[in-house]
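User: I'm new to this one. Could you walk me through the terms and how each of them gets earned?

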2 protein chains.
Amino acid sequence: MVARNAPTLEDVAARAGVSRATASRVVNADPRVREAARLAVSAAVAELGYRPNRAARRLVTRAADSIAVVVPESDERVFSDPFFSGTLRGVTGAVGDLPMQVVLVMGKPDDGDRRMERYLRGGHTDGAIVVSHHQNDTLWRVLAETRLPSVFLGRPYAEEARVPYVDVDNCAGAALAARHLIARGCRRIGTVTGPLDMSAGHDRWQGWVRVLEEAGLETDLVEHGDFTAAGGAEATRRLLERCPDLDGLFAASDQMAVAAIGELGVAGRRVPDDVAVVGYDDSEAATMSRPALTTVVNPIAEMAARAVDLLLRVMDGEEVQPETLSTDLVVRESA
Amino acid sequence: MVARNAPTLEDVAARAGVSRATASRVVNADPRVREAARLAVSAAVAELGYRPNRAARRLVTRAADSIAVVVPESDERVFSDPFFSGTLRGVTGAVGDLPMQVVLVMGKPDDGDRRMERYLRGGHTDGAIVVSHHQNDTLWRVLAETRLPSVFLGRPYAEEARVPYVDVDNCAGAALAARHLIARGCRRIGTVTGPLDMSAGHDRWQGWVRVLEEAGLETDLVEHGDFTAAGGAEATRRLLERCPDLDGLFAASDQMAVAAIGELGVAGRRVPDDVAVVGYDDSEAATMSRPALTTVVNPIAEMAARAVDLLLRVMDGEEVQPETLSTDLVVRESA
DNA sequence: GTGAAAGCGCTAACAT
DNA sequence: ATGTTAGCGCTTTCAC
């Protein structure tokens, strides 16, 4: 609720002895106003504590107001995975000085609670960037129905979802990692995957499979994680149980890779001498880790920037094409 | 930008063969509409893909639209400290189903970049909850100038800042911790403080001092941290250098306490046998830690809920009084 | 350079 | 139960 009796532009104009139009011009820094009038209006604004009514302004300018960053994950997850903070930072950075709010909307959407869906349907925002979409999430359907301009950051798993997205070539990224391990001489190479109901998890796994097949290596040393450290540690333990003489490991996130290194240490295996480890993300954790992580770059900031750009264009009524960024491997100490 | 030529309520009404008012009633679930009319309007809404113009609605209802959670900390910090995720969760929970957005605004405000100030001055939100305010932050001044309804979560350090706040009695909380250590038999008790330019950091330190003085113990075993794990580890190392036979430690945050336990382990000192450790926050880390942390409860969710309540009332033009919640000690294994 | 006037899309009296 | 009407506060032609 706006403070009662908040002064309006009318009040400011009256106080400054000018018309509403002139007052509006001053407030909006229109150059064609006499110095005297400008001063009078500025003074009136200060004295009255005038603040423009955003709704009124927006009603006439038809400008966008806010976009949502939608993350269908629990808030613990959102706040513990650097991927999300990176994304949010990227989005706010890309929105920059546009007079637009970035609203973070998070929560598992399918745990019976339809809060997220209600929010999206409520028309509270002018657009949405959806991050971390899962196979069974029906968010894309909700978004299609409401016709809310939206862009996925990370290709949605469902093939029917014909929505704009920006993705990175996760398959190629994982292939880079796998080839690096093979080139190093690894032969019993395992992988700790991400969730397979997400395109990123699925694609990184498949990229790994493809390269190992080409090299004539076994592709069954697979354990599924969930991108988190805890999940990665557990998957690594299972992997070590199945194959104690593992000599190479590709983890689909840096958090899992770091956890894997920890587990390998517990099992008495040295990294990279006994087991070479490659992560994914090139997050801060990769450089902090000991040994420092060899990892695949996930250009989060760039993806976020592209997503914002796409979204702005969708909101403008433009037709846009999906974009897929390429990626790189950063070689450090762990492999 | 709203999609061009977005259908208006007028269009819906025309299509359904009713008046704008009736259409509005249906959209807003007003009960006094005939079933037939309701169906016709609903159909028209669906066919046209109508979405209410929020600005127009807001202009007439004069309802609040969004509140900001303002955190004058770097985004890394915001996303790594569970205190902030807890707060954000608390705020969104308390806002509940009110049709109001919660916008997270973060960033160090004084690094020459005035983004936060500009944002707040821009009148983008109807109210603000300020978290983690530092002594030299002049946010309260900005908020006072703009007359933006705001509530501090955690008492602002500056005494001139006559703003509503909700706080917890940090002094009493720290006293609980110190008394517990003394009762356990500790005599060389140190503390790793939070930042002293924050009321929480300062008060927890002072609460510790007061109790130790009353007990006739030395109060100079103080090292300053910043609530983070890294800062806590460093401060603990300094403390151990100064006093290798430390037998009790109060850390002003769980993150620092966990880090301290790690450092104590490195130094070959067992917790709680050699050194008893008490943390602050009762965060998830406290239960996960080994040994599990004895810690002071920081009722984050409750504070957030109170802050939202206060803010709503301030936005309603009401005068409100600061609130200070009490706290408790949870005894686990570390002390 | 400035003012008068026309709406933006919606809700909420007020009539019927 | 429904339609008519009057704004909400602002920006923006269009005259002057």
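Analyst: Sure, starting with residue classes: Ala, Val, Leu, Ile, Met, Phe, Trp, Tyr, Cys and Pro count as nonpolar, Asp, Glu, Lys and Arg as charged, and the others, Gly among them, as polar. On that basis the surface near DNA strand D divides into 13 nonpolar, seven polar and six charged residues. Keep in mind that this is a predicted model, where local features need pLDDT of at least 70, side-chain atom pairs count only at pLDDT 80 or more, and totals for chains, interfaces and linings use all residues. Residues are numbered from 1 along each chain as its sequence is written, while chains are lettered from A and ligands numbered from 1 in the order in which they are written.

User: What makes a residue count as near a strand, and which ones are closest to DNA strand D?

Analyst: The C-beta atom, placed from the backbone, has to lie within 6 Å of the strand. For DNA strand D, 26 residues surround it, and the closest are A:Leu9, A:Ala56, B:Ser19, B:Arg32 and B:Arg34.

User: Which helix gives the most to the surface near DNA strand D, and what is called a helix here?

Analyst: H4(A) gives the most, with five residues. Helices are DSSP runs of H or I with at least four residues, strands are runs of E with at least two, and both are numbered from the N terminus.

User: And what surrounds DNA strand C?

Analyst: 26 residues do, and the closest are A:Ala21, A:Arg34, B:Leu9, B:Asn53 and B:Ala56. H4(B) has the largest share of that surface, five residues.

User: Why are H1(A) and H3(A) called oblique?

Analyst: They pack at an angle of about 125°, with axes 8 Å apart. Axes are lines fitted to C-alpha atoms, for helices over the stretch in contact, and angles run from 0 to 180 degrees between N-to-C directions. Under 35 degrees is roughly parallel, over 145 roughly antiparallel, 65 to 115 roughly perpendicular and the rest oblique. So H1(A) and H3(A) are oblique to each other.

User: How many helices and strands does chain A have, and how do you know whether it is spread out or compact?

Analyst: Chain A has 14 helices and twelve strands. Its radius of gyration is 26 Å, well over the 20 Å that the globule rule gives for 335 residues, so chain A is more spread out than a compact globule. The radius is taken over C-alpha atoms, and the rule is 2.2 Å times the number of residues to the power 0.38. Along the principal axes, the C-alpha atoms of chain A fill a box of roughly 85 × 40 × 30 Å.
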